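Work through the exercises below with the sequence and the model open side by side. Each task is followed by a solution in steps.

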Amino acid sequence: MAIIVNLDVMLAKRKMQLGVLSSRVGITPANLSILKTNKAKAIRFSTLEAICRELDCQPGDILEYRADDE
Amino acid sequence: MRKSKASIIISKISVIVLFLGLLGCVVFARQLSGLYLDIVGRQGEELTTALRILIYVAGVIGTILLALMYKLLDNVHRDIIFEDRNVKLLKAIQYICYCSAAVIAVFTPYFIFAAAVALAAAFVGLLIRVITNVFQSAVQIKQENDFTI
């Protein structure tokens, strides 16, 4: 997958647990787990906005492009 | 949703009723083949045997198809709809339709109606193929939707 979700990195930086973020952004822990484990196919702007707001970061801090052959 | 569930139950009952009919045909294959040959005014041991074999073959193929259809309906009833397993079931139904068309076509020299039945089976197979293609796309769309967070 070329797009990597670094949600776990940001959660560790902010010392926040997935369950806490889940309750704050209103997304189920199961869905956030899909996002964290890079199984998601797409992310809504509203979700990205909520995560960025709660983690006080930019979309680029969460999403990263990595070429497939890397 | 409730109406849809009722419709599925009716479909399941229809499958069971059809299976019982098929079972009846297989059990009374000897009498049915004799009756048919009497009606069309044809006689002969070879024809009777051929017709009985045709009924038995149709019975086996029909039972497999009905079992697959029942499984498919059962999945839909349990809200397992746009899943890969249903695509596999549809594909199995499709291939069995094609195989049954080929098998039934073998009986055309004995009974001309076998050609019509074989053609109908091939047509149903094609129809199922189109439905499978639509279903495959729907499964893909659902998976993308499920993994959009």
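**Exercise 1. A salt-bridge network in chain B**

Task: Find the salt-bridge partner of B:K12, then trace the network that holds the pair.

Solution.

Step 1. B:K12 and B:D74 form a salt bridge, with 2.9 Å between the closest N and O atoms. The term stands for a side-chain nitrogen of Lys or Arg within 4 Å of a carboxyl oxygen of Asp or Glu.

Step 2. Place the two residues on the chain. B:K12 is in helix α1 (residues 2-27) of chain B and B:D74 in helix α3 (residues 45-77) of chain B; the pair, 62 residues apart, links distant parts of the chain. Helices here are DSSP runs (H or I, at least four residues; strands are E, at least two), numbered from the N terminus.

Step 3. Extend the search from B:D74. A salt bridge also joins B:D74 to B:R78, where the closest N and O atoms are 3.6 Å apart. B:K12, B:D74 and B:R78 are thus linked in a network of salt bridges.

Before going on, note the basis of the values: this is a predicted model, in which local features need pLDDT of at least 70 and side-chain atom pairs count only at pLDDT 80 or more, while totals for chains, interfaces and linings use all residues. Residues are numbered from 1 along each chain as its sequence is written, chains are lettered from A and ligands numbered from 1 in the order in which they are written, and side-chain values use heavy atoms, with hydrogens and water left out.

**Exercise 2. Accessibility in the network**

Task: Is B:K12 buried or exposed? Classify its network partners as well.

Solution.

Step 1. Set the classes: buried is under 20% relative accessible area, exposed is over 50%, and partly exposed lies in between (1.4 Å probe, protein chains only).

Step 2. B:K12 has a relative accessible area of 10%, so the residue is buried.

Step 3. B:D74, at 22%, counts as partly exposed. B:R78 is also partly exposed, with 45%.

Step 4. List the contacts of B:K12 (heavy atoms within 4.5 Å). Not counting residues up to four places away in sequence, B:K12 touches B:Y70, B:L73, B:D74 and B:H77.

**Exercise 3. A salt bridge in chain A**

Task: Which class of accessibility does each partner of the salt bridge between A:R53 and A:E54 have?

Solution.

Step 1. The side chains of A:R53 and A:E54 meet at 3.4 Å, N to O.

Step 2. A:R53 counts as exposed because its relative accessibility is 52%. A:E54, at 23%, counts as partly exposed.

Step 3. Put the pair in context: the whole structure holds six salt bridges over all chains.

**Exercise 4. The interface of chains A and B**

Task: Describe what chain A and chain B bury between them, and what kinds of contact join them.

Solution.

Step 1. Count the residues: 11 residues of chain A are in contact with four residues of chain B.

Step 2. The two chains bury about 730 Å² between them, 65% of it on carbon and sulfur atoms. Buried area is the accessible area (1.4 Å probe) lost by two parts on being put together, summed over both. A:K41, A:A42 and A:R44 supply 57% of the area that chain A buries against chain B, more than any other three residues.

Step 3. Between chain A and chain B there are zero salt bridges, but five residue pairs are in polar contact (both at pLDDT 80 or more). A polar contact is a pair of N or O atoms within 3.5 Å; within protein, one must be able to donate a hydrogen and the other to accept it, and residues adjacent in sequence count only if both atoms are side-chain atoms.

Step 4. Helix α3 (residues 29-36) of chain A gives three residues, the largest share of the side of chain A that touches chain B.

**Exercise 5. The fold of chain B**

Task: What is the secondary structure of chain B, and how spread out is the chain?

Solution.

Step 1. Chain B has five helices and zero strands.

Step 2. The radius of gyration (taken over C-alpha atoms) is 19 Å, well over the 15 Å that the globule rule (2.2 Å times the number of residues to the power 0.38) gives for 149 residues, so chain B is more spread out than a compact globule.

Step 3. The C-alpha trace of chain B spans about 70 × 30 × 20 Å along its principal axes.

Definitions and conventions
Contact means heavy atoms within 4.5 Å.
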